[in-house]
Amino acid sequence: MQSIEEKEIILPGTKVLKDMMMKRVGIVRSKELLEAQKNWLLQLHLHDVRKLDNYRIQSISNYFMYVVASLITEAALRRTESRGGHFRSDFPFEDDENWRRKMIVQRGKEGVAIHHQHVETAHIT
């Protein structure tokens with residue numbers, strides 16, 4: 001029986017990712033910090049990984065942490081308002097007209113795609 005050689009995806013450690021996400025995409029956000037995080041993630045070439053079949057489980061887990069971080073960063077960059085627990089210093093107010101909807105972010109072969117769905121809300125009086 002021939003064994004399959006396990007590969008590794010080389011990325012900075014998860015502590016580095018957590019620290020960078022907290023620093024740049026944490027509670028207080030700005031366009032400059034979000035773009036810095038997006039550019040940092042882009043230089044890691046996450047899209048170059050095509051098949052995960054032969055990679056070690058830990059490598060796959062780390063890879064998906066970075067993919068999720070890139071999706072969160074992209075969504076935060078596109079959301080030009082402050083809402084809930086997140087504050088955009090460059091957009092300090094809520095914007096119900098443009099943002100009271102569900103944002104669905106997906107990464108596919110063509111890149112990141114963002115879709116919106118209307119959210120029904122009930123006001124308590």
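What share of the 125 residues of the protein counts as buried? In this predicted model, 30% of the residues of the protein fall into that class.

**Overall architecture**

The protein is built from 4 helices and 4 strands, and these elements follow one another from the N terminus in the order α-β-α-α-β-α-β-β. Among the contacts with a separation of 6 or more, 54% join residues that stand 24 or more positions apart. The protein exposes about 9200 Å², and carbon and sulfur atoms supply 54% of that area.

**Two buried valines**

Two valines in helices illustrate contacts between parts of the chain that are separated in sequence. V25 belongs to helix 1, which spans residues 14-25, and V25 counts as buried because its relative accessible area is 6%, under the 20% limit for that class. Once residues up to four places away in sequence are set aside, V25 touches M20, L34, Q37, I72, T73 and A76. For one of these partners, A76, the C-alpha atom lies 7.5 Å from that of V25, although the two residues are 51 positions apart in sequence.

V67 sits in helix 3 and is likewise classed as buried, with a relative accessible area of 9%. Apart from neighbours within four places in sequence, V67 is in contact with L46 and R107. V67 and R107 are 40 residues apart along the chain, and their C-alpha atoms are separated by 8.5 Å. Both contact partners of V67, L46 and R107, are also named among the residues that lie nearest the centre of the largest pocket.

**The pockets**

The largest pocket has a volume of about 510 Å³, and 20 residues line it, with L46, H47, R107, G108 and V112 lying nearest its centre. Two or more lining residues come from each of helix 2 (31-42), helix 3 (57-78), strand 3 (101-108) and strand 4 (111-118). Of these elements, helix 3 gives the most, with 6 residues. By class, the lining of the largest pocket holds 9 nonpolar, 6 polar and 5 charged residues.

The second largest pocket has a volume of about 230 Å³. Its lining consists of R29, I72, A75, A76, R79, E81, S82, R83, H86, R88 and M103, and these residues divide into 4 nonpolar, 2 polar and 5 charged. Helix 3 again supplies the largest share, here 3 residues. Two of the lining residues, I72 and A76, are also contact partners of V25.

**Salt bridges**

How many salt bridges does the structure hold? The structure holds 6, and three of the pairs are listed here with their N to O distances.

| Salt bridge | Distance, N to O |
|---|---|
| K15 and D19 | 2.9 Å |
| R79 and E81 | 2.9 Å |
| D90 and R88 | 2.8 Å |

The pair K15 and D19 lies within helix 1, where the two residues are 4 positions apart, about one turn of the helix. K15 counts as exposed, at 59% relative accessibility, whereas D19 is partly exposed, with a relative accessible area of 42%.

The pair R79 and E81 joins residues of two burial classes. R79 counts as partly exposed because its relative accessibility is 21%, while buried means under 20%; E81, at 3% relative accessibility, counts as buried. Both R79 and E81 appear in the lining of the second largest pocket.

In the pair D90 and R88, D90 counts as partly exposed at 31% relative accessibility, and R88 is buried, with a relative accessible area of 3%. Salt bridges that share partners also join K38, E74 and R78 into one network. R88, like R79 and E81, belongs to the lining of the second largest pocket.

**Bringing the parts together**

Which element gives the most residues to the lining of the largest pocket? That element is helix 3, which also holds the buried residue V67 and provides the largest share of the lining of the second largest pocket. The second largest pocket is lined by R79, E81 and R88, of which R79 and E81 meet each other in a salt bridge and R88 meets D90 in another.

Technical notes:
Residues are numbered from 1 along each chain as its sequence is written. This is a predicted model: local features need pLDDT of at least 70, side-chain atom pairs count only at pLDDT 80 or more; totals for chains, interfaces and linings use all residues. Side-chain values use heavy atoms; hydrogens and water are left out. On a 1 Å grid over the protein atoms alone, a cavity is a set of points where a 1.4 Å probe fits but cannot get out, and a pocket is an open set with protein on both sides within 12 Å along at least five of seven lines; lining residues have an atom within 4 Å of a point. Grid points are joined across faces, edges and corners, and a volume is the space filled by probe spheres set on the points. Ala, Val, Leu, Ile, Met, Phe, Trp, Tyr, Cys and Pro count as nonpolar, Asp, Glu, Lys and Arg as charged, and the others, Gly among them, as polar. A salt bridge is a side-chain nitrogen of Lys or Arg within 4 Å of a carboxyl oxygen of Asp or Glu. Buried means under 20% relative accessible area, exposed over 50%, partly exposed in between (1.4 Å probe, protein chains only). Contact means heavy atoms within 4.5 Å. Accessible areas come from the Shrake-Rupley method with a 1.4 Å probe; for residues, only the protein chains shown count as cover.
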